[in-house]
Amino acid sequence: KVRDSYAVGDDKLLIVASDRISAFDVILGDPIPKKGKILTALTDFWFKELDGIVPNHLTGIDPESVVAPEERDQVKGRAVVAKRLKPILIECVARGYLPEVLGKNNKQTVKLRVKIPAGLKQSEKLPEPIFKPAGKAEAGHHDENITYEEVVKQYGEDIASKIRDYTLALYKKAAEYAASKGIIIADTKFEFGLDDNGTVVLMDEILTPDSSRFWPADEYKVGQSEPSFDKQF
């Protein structure tokens with residue numbers, strides 16, 4: 001929806017972040033100038049900050065070196081040369097706060113497909129962050145929440161446990177850093193792939209307003225719909 005990918009040989013991809021904006025899987029008519037550069041800078045920052053938890057898709061190759069001279073301006077500051085991976089078709093969401101009110105019949109618990117302690121209020125911090133996987137849907141359809149057990153059925157216990165543990169470790173470290181800057185990361189999503197050796201690798205963009213819900217800590221109150229820095233305005 002918002003990025004363009006090009007093959008670089010057989011084992012790498014040039015991924016260019018455009019200025020397009022999508023909301024609820026619909027591309028909106030007006031692009032936002034420099035949005036792609038900001039998303040790329042944010043992702044680059046977080047890859048460095050979270051280095052050491054899980055291998056990632058970065059190759060270190062300068063995107064300007066793989067395009068024709070007249071195309072360099074099109075990729076400068078908004079592209080990455082990444083390893084080509086086999087995507088794991090699971091959106092790995094880490095949720096640290098409850099975004100919606102739990103009804104008496106726990107409809108939201110059913111929707112999230114995970115167990116959540118009773119009595120929590122809207123926007124309240126969860127006792128521990130939870131892993132909430134979703135199966136990636138085909139274009140035009142919404143991803144559907146699934147259980148951890150369904151991930152195990154699809155990919156096996158080894159891969160399922162790795163993507164769960166990586167997701168929670170990445171979220172916890174990022175949330176701790178953001179908290180030191182006055183920002184709450186309510187939730188975020190990560191995507192993983194497998195390399196030729198079957199190693200789980202973090203891919204895609206990470207911890208951007210396209211993939212996360214950021215709240216200003218100085219305006220945070222339990223029981224309210226929080227002001228948010230994410231892009232679904």
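**Reading strands, helices and a lysine**

Mentor: Leaving aside its neighbours within four places in sequence, K125 touches G96, Y97, L120 and Y220. Keep in mind that this is a predicted model.

Trainee: Thanks! Where is the place of K125?

Mentor: K125 belongs to strand β8, residues 125-135. Its C-alpha atom is separated by 4.3 Å from that of Y97, although the two residues are 28 apart along the chain.

Trainee: Does K125 count as buried or exposed?

Mentor: The cut-off for exposed is over 50% relative accessible area. K125 has 54% relative accessibility, so it counts as exposed.

Trainee: Let's turn to helices. How do I describe two packed ones?

Mentor: Two packed helices are described by the angle between their axes and by the distance between those axes. Here, take helix α1 (residues 35-49) and helix α5 (residues 157-179): their axes come within 11 Å and cross at roughly 110°.

Trainee: What do we call that arrangement of α1 and α5?

Mentor: Angles of 65 to 115 degrees count as roughly perpendicular, and α1 and α5 are therefore roughly perpendicular to each other. Their crossing is right-handed.

Trainee: Which residues in α1 and α5 meet?

Mentor: From α1 you have F45, W46 and E49, and from α5 K173, A174 and Y177. Sorted by class, this contact has four nonpolar and two charged residues, with no polar ones.

Trainee: Now the strands. What is the order of the three strands in the open sheet?

Mentor: Follow the pairing from strand to strand: the order is β1-β2-β5, and the pairing is antiparallel. At the edges are β1 (3-8) and β5 (79-83), each of which pairs on one side only. On average, neighbouring strands of this sheet are turned by 25° against each other, direction ignored.

Trainee: How many bridges link β2 and β5?

Mentor: Five bridges, in the antiparallel sense, join β5 to β2, which spans residues 12-17. One residue pair to look up is I15 with its bridge partner V80 in β5.

Trainee: And which residues of β11 are buried on its two faces?

Mentor: Look at each side in turn. Strand β11 (residues 200-203) has V200 and L202 on one side, V201 and M203 on the other, and they are all buried, so that both faces are covered. Its antiparallel partner β10 (residues 183-194) is joined to β11 by four bridges, and L194 stands opposite V200.

Trainee: What is special in the hairpin of β10 and β11?

Mentor: Check the backbone angles there: five residues lie between the strands, and G198 takes a positive phi near 80°.

Technical notes:
Residues numbered from 1 in each chain as written. Predicted model: local features only at pLDDT ≥ 70, side-chain atom pairs only at ≥ 80, totals over all residues. Heavy atoms only, no water. Pairing = 2+ DSSP bridges. Axes fitted to C-alpha atoms, helices over the stretch in contact; angles between N-to-C directions. Parallel < 35°, antiparallel > 145°, perpendicular 65-115°, else oblique. Left-handed = near helix turned anticlockwise from the far one by under 90°. Contact = heavy atoms within 4.5 Å. Nonpolar A, V, L, I, M, F, W, Y, C, P; charged D, E, K, R; others polar. Buried < 20%, exposed > 50% of the residue type's maximum accessible area, 1.4 Å probe, protein only.
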